[in-house]
Amino acid sequence: MEKNRRTKKLTQTIDENLRRAYADTAKEPVPDRFIKLLEQLREQSGEKQKPSGDES
Amino acid sequence: MDSQTPQMDPRDELIGHLPAMRAFALNLTRNSATADDLVQDAVVKAWGNFDKFKPGTNLRAWLFTILRNTYYSLYRKRRREVEDPDGKMAGQLSEKPAHDGHLAMTDFHAAFAQLTDEQREVLVLVGAEGFSYEEAAEMCGCAVGTIKSRTNRARKRLAELMHLDDEDELAMTDAATMAVVTGTSVA
């Protein structure tokens with residue numbers, strides 16, 4: 001049981017480190033190439049898309 | 001198909017998932033240029049397949065699955081060719097060393113880079129993203145039990161590499177590690 005407790009704590013420590021390392025990367029702003037890519041994709045699919053179902 | 005769905009168009013939500021996709025891709029490829037190429041391929045693929053996405057299900061899981069499949073089908077072989085045995089690339093993981101406790105973070109990145117693809121992947125999915133074992137199993141196309149044991153083994157390996165084995169609890173509470181964990185700065 002003592003071992004379980006330690007393992008649990010270790011798991012927490014590792015996951016917290018993971019989340020932090022990961023969050024550092026995920027915080028970076030999205031580069032322009034992706035904004036442009038999405039615009040392109042949208043234009044392409046806009047030509048053959050039916051009107052979207054989202055009307056407010 | 002069903003245009004009456006009250007959900008947002010997943011196409012509009014995609015951009016919100018890009019930072020996470022880039023982080024996941026970086027963890028898989030361990031190279032920032034390759035990571036962004038991978039994300040681009042995955043985005044194009046996802047866009048062409050949005051009709052297969054079930055509204056109301058987890059969009060991020062769906063996107064990660066595509067990204068992951070793209071990686072294993074197109075990129076893994078390629079990466080082997082540029083693999084560097086000195087682990088220089090590991091440094092690219094910490095492009096922005098945290099001002100607080102960066103030593104511990106560097107250790108962490110270096111240790112993380114030594115894990116296998118499957119181990120890094122499962123730690124990102126389960127440990128960092130917080131997907132359930134079931135979700136991760138579905139994304140990786142394997143059994144829940146496999147994901148569980150892989151996750152445990154990956155955590156254990158990481159602990160060993162960081163010399164944080166469970167007999168050594170002190171190491172986990174040292175100031176730098178705690179700073180990393182809590183996000184406070186080391187005085």
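This is a short walk through the domains, the nonpolar core and a few single residues of a predicted model.

**Two domains in chain B**

Let's start with how chain B is divided up. Its domain assignment lists domain 1 at 1-83 and domain 2 at 96-187. Where the two meet, domain 1 of chain B puts in 10 residues and domain 2 of chain B puts in 8 residues. On the domain 1 side, helices α1 (10-29) and α3 (59-82) of chain B each bring at least two residues to the contact. The largest share of that side belongs to α3(B), with 5 residues. As for chemistry, the domain 1 side that touches domain 2 splits into 4 nonpolar, 3 polar and 3 charged residues.

**The largest nonpolar core**

Now for the inside. The largest nonpolar core has 48 residues, and the ones touching the most other members are B:M21, B:F24, B:A25, B:V39, B:L67 and B:A136. Chain A joins in through its α1 (2-26), one of the elements that give two or more residues to this core. From chain B, the elements doing so are α1, α2 (32-48), α3, α5 (102-113), α6 (117-128), α7 (133-140) and α8. Both domains of chain B have a stake here too: domain 1 (1-83) and domain 2 (96-187) each supply at least three residues.

Take B:M21 as a sample member. Which residues does B:M21 contact once its neighbours within four places in sequence are left aside? They are B:V39, B:A42, B:L63 and B:L67.

**Chain A in brief**

Chain A has 2 helices and 0 strands. Of its 56 residues, 14% are buried.

**Two residues to click on**

B:N31 sits in the loop between α1 and α2 of chain B. Is B:N31 buried or exposed? It is buried, because 20 other C-beta atoms lie within 10 Å, and the cut-off for buried is 20 or more.

B:K148 belongs to helix α8 (residues 144-161) of chain B. This lysine counts as partly exposed because it has 15 C-beta neighbours inside 10 Å, which falls between the limits of 12 or fewer for exposed and 20 or more for buried.

Each of these two also comes with a C-alpha distance to a residue elsewhere in chain B, set out below.

| Pair | Separation along the chain | C-alpha distance |
|---|---|---|
| B:K148 and B:F24 | 124 residues | 19 Å |
| B:N31 and B:R150 | 119 residues | 23 Å |

In the first pair, B:F24 is also among the core residues that touch the most other members.

Technical notes:
Residues numbered from 1 in each chain as written. Chains lettered and ligands numbered in written order. Predicted model: local features only at pLDDT ≥ 70, side-chain atom pairs only at ≥ 80, totals over all residues. Helix = DSSP H or I, 4+ residues; strand = E, 2+ residues; numbered from the N terminus. Domains from an automatic or database assignment. Contact = placed C-beta atoms within 7 Å. Nonpolar A, V, L, I, M, F, W, Y, C, P; charged D, E, K, R; others polar. Core = buried A, V, L, I, M, F, W, Y, C linked by C-beta atoms within 7 Å.
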